[in-house]
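Please work through the exercises below with the sequence and the structure open beside you, and try each task before reading its solution.

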Amino acid sequence: MAESPNDRLGVLICGHGSRNRLAVEEFAQMVDALRPKLAPMPVEHGYLEFARPILRDGLESLRQQGVTRVLAIPAMLFAAGHAKNDIPSVLNTYTAETGLPIDYGRELGVDRLMVAAAGARVRECLESAPSTVPLSETLLVVVGRGSSDPDANSNVAKVTRMLVEGFGFGWGETVYSGVTFPLVEPGLRQLVKLGFRCIVVVPYFLFSGVLVSRIRQHTDRVAADHPEVDFLSAGYLGQHPLVVDTFKERVEEVLRGDTAMNCSLCKYRAQVLGFEQDVGRVQESHHHHVEGLAESCTLCERECTGACQPDGVPIPHHHHHHGGDHHPPYPHADHPMGPRTLGSKDSPQKP
């Protein structure tokens with residue numbers, strides 16, 4: 001890395017942003033927990049949308065503190081469109097305008113510390129809601145965000161397998177909260193048929209929000225129909241110390257110069273089965289038109305209940321539409337266990 005010994009380094013943690021005030025507070029608290037671990041380097045954060053500071057504000061703050069080289073880390077569990085396209089687009093624009101060099105780090109990814117953090121949430125759940133069913137007869141269900149990027153989706157499945165083997169669960173499955181299949185409710189209804197008497201549902205999410213709330217609601221709906229099954233809900237990752245430690249490791253990787261994104265299964269780089277039309281597609285940000293829009297949602301008091309997305313399909317906000325140009329038709333838009341929102345204009349809507 002062409003780094004002069006006189007460089008003053010600073011860290012930018014790059015978040016997505018949320019209308020949910022609790023999630024934004026949690027993010028800021030996580031950054032506060034990271035600061036002492038990286039001192040004396042200054043640490044700032046910014047968001048792509050829906051919250052302040054935006055990424056540019058965080059960069060400006062670092063520059064005003066005399067930083068001459070920024071280490072930017074995407075606060076994403078997996079590298080899909082946000083980490084691959086949207087954040088780099090904003091950072092590149094800022095460098096072009098100001099000349100401030102920015103080294104971009106790796107997403108949190110499938111990492112021993114992240115798996116251990118999820119494992120800690122599973123253990124807390126098992127200890128606080130003891131079931132008489134042995135682990136070998138218990139089904140673990142990990143819920144990922146869901147993405148149009150199969151590489152990101154498959155990484156959640158890897159986390160599931162690591163946890164299943166780590167604990168010795170009888171079976172493990174992965175479902176998703178949106179964008180892909182199987183969604184939480186249809187997925188759980190299918191999984192009940194396997195006959196396990198206890199099902200542990202783990203949201204593999206960094207922060208609270210509409211999706212985490214909806215996972216609980218959909219789990220409760222299936223549980224109500226199956227009183228013979230113990231449904232246990234684990235907590236999301238949140239600011240677990242092991243998550244904070246992972247961010248520290250990502251910064252250290254950039255300092256060593258050994259950052260490498262996994263491009264071998266990236267749909268923009270390789271012919272990934274079913275997503276061949278994405279190879280070489282222009283990788284651009286579709287967030288610039290909502291950057292910094294900070295109006296909080298007022299439907300819920302603090303923690304998001306999902307009232308704005310009753311069936312998993314967002315109520316459109318007038319300023320927040322991702323134009324049709326950005327997303328090609330999803331190969332599995334008509335999958336019976338996926339969301340209706342994926343369909344091309346021509347594909348039949350599911351009832």
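The exercises that follow concern a predicted model, and each task is followed by a solution in steps.

**Exercise 1. The sheet**

Determine the strand order of the open sheet of four strands, and state which strands are its edge strands.

Solution. Reading across the open sheet, the order is E6-E5-E7-E8, and the pairing is parallel. The edge strands, each of which pairs on one side only, are E6 (171-176) and E8 (230-233). From one strand to the next, the twist averages 20°. Turning to a single pair, strand E5 (residues 138-144) and E6 run parallel and are joined by six bridges, and in this pair Val 142 stands opposite Thr 174 of E6. Helix H5 (residues 150-167) packs on the sheet, where it touches E5 and E6, and its direction makes about 155° with that of E6.

**Exercise 2. Two packed helices**

Classify the packing of helix H2 (residues 55-64) against helix H3 (residues 81-98) from the angle between them, and describe the residues in the contact.

Solution. Begin with the geometry: H2 and H3 pack at an angle of about 40°, and their axes are 10 Å apart. Angles under 35 degrees would count as roughly parallel, while 65 to 115 would count as roughly perpendicular; the two helices are therefore oblique to each other. The crossing in which H2 passes H3 is right-handed. On the H2 side, the contact is made by Leu 55, Arg 56, Leu 59, Glu 60 and Arg 63, and the residues contributed by H3 include Ile 87, Val 90, Leu 91 and Tyr 94. Sorted by character, the residues of this contact comprise six nonpolar, two polar and four charged.

**Exercise 3. A salt bridge between the helices**

Find the partner with which Arg 56 forms a salt bridge, and place both residues in the chain.

Solution. Side chains of opposite charge can pair when their charged atoms come close. The partner of Arg 56 is Glu 97, with the closest N and O atoms 3.0 Å apart, which is inside the 4 Å cut-off for a salt bridge. Arg 56 belongs to helix H2 and Glu 97 to helix H3, so that the pair, 41 residues apart, links distant parts of the chain.

**Exercise 4. Backbone exceptions**

Which peptide bonds, at Pro 53 and Pro 182, are cis or trans, and where does Phe 50 lie?

Solution. Most residues other than glycine have a negative phi, and most peptide bonds are trans. The bond from Arg 52 to Pro 53 is cis, with omega near 0°, and Pro 53 lies in the loop between strand E2 (43-47) and H2. Phe 181 and Pro 182 are also joined by a cis peptide bond, with omega about -5°, and Pro 182 is placed in the loop between E6 and helix H6 (184-192). Phe 50, in the loop between E2 and H2, has a positive phi near 70°.

Key
Residues are numbered from 1 along each chain as its sequence is written. This is a predicted model: local features need pLDDT of at least 70, side-chain atom pairs count only at pLDDT 80 or more; totals for chains, interfaces and linings use all residues. Side-chain values use heavy atoms; hydrogens and water are left out. Two strands pair if DSSP finds at least two bridges between them. Axes are lines fitted to C-alpha atoms, for helices over the stretch in contact, and angles run from 0 to 180 degrees between N-to-C directions. Contact means heavy atoms within 4.5 Å. Angles under 35 degrees count as roughly parallel, over 145 as roughly antiparallel, 65 to 115 as roughly perpendicular and the rest as oblique. A crossing is left-handed if the near helix is turned anticlockwise from the far one by less than a right angle, and right-handed if clockwise. Ala, Val, Leu, Ile, Met, Phe, Trp, Tyr, Cys and Pro count as nonpolar, Asp, Glu, Lys and Arg as charged, and the others, Gly among them, as polar. A salt bridge is a side-chain nitrogen of Lys or Arg within 4 Å of a carboxyl oxygen of Asp or Glu.
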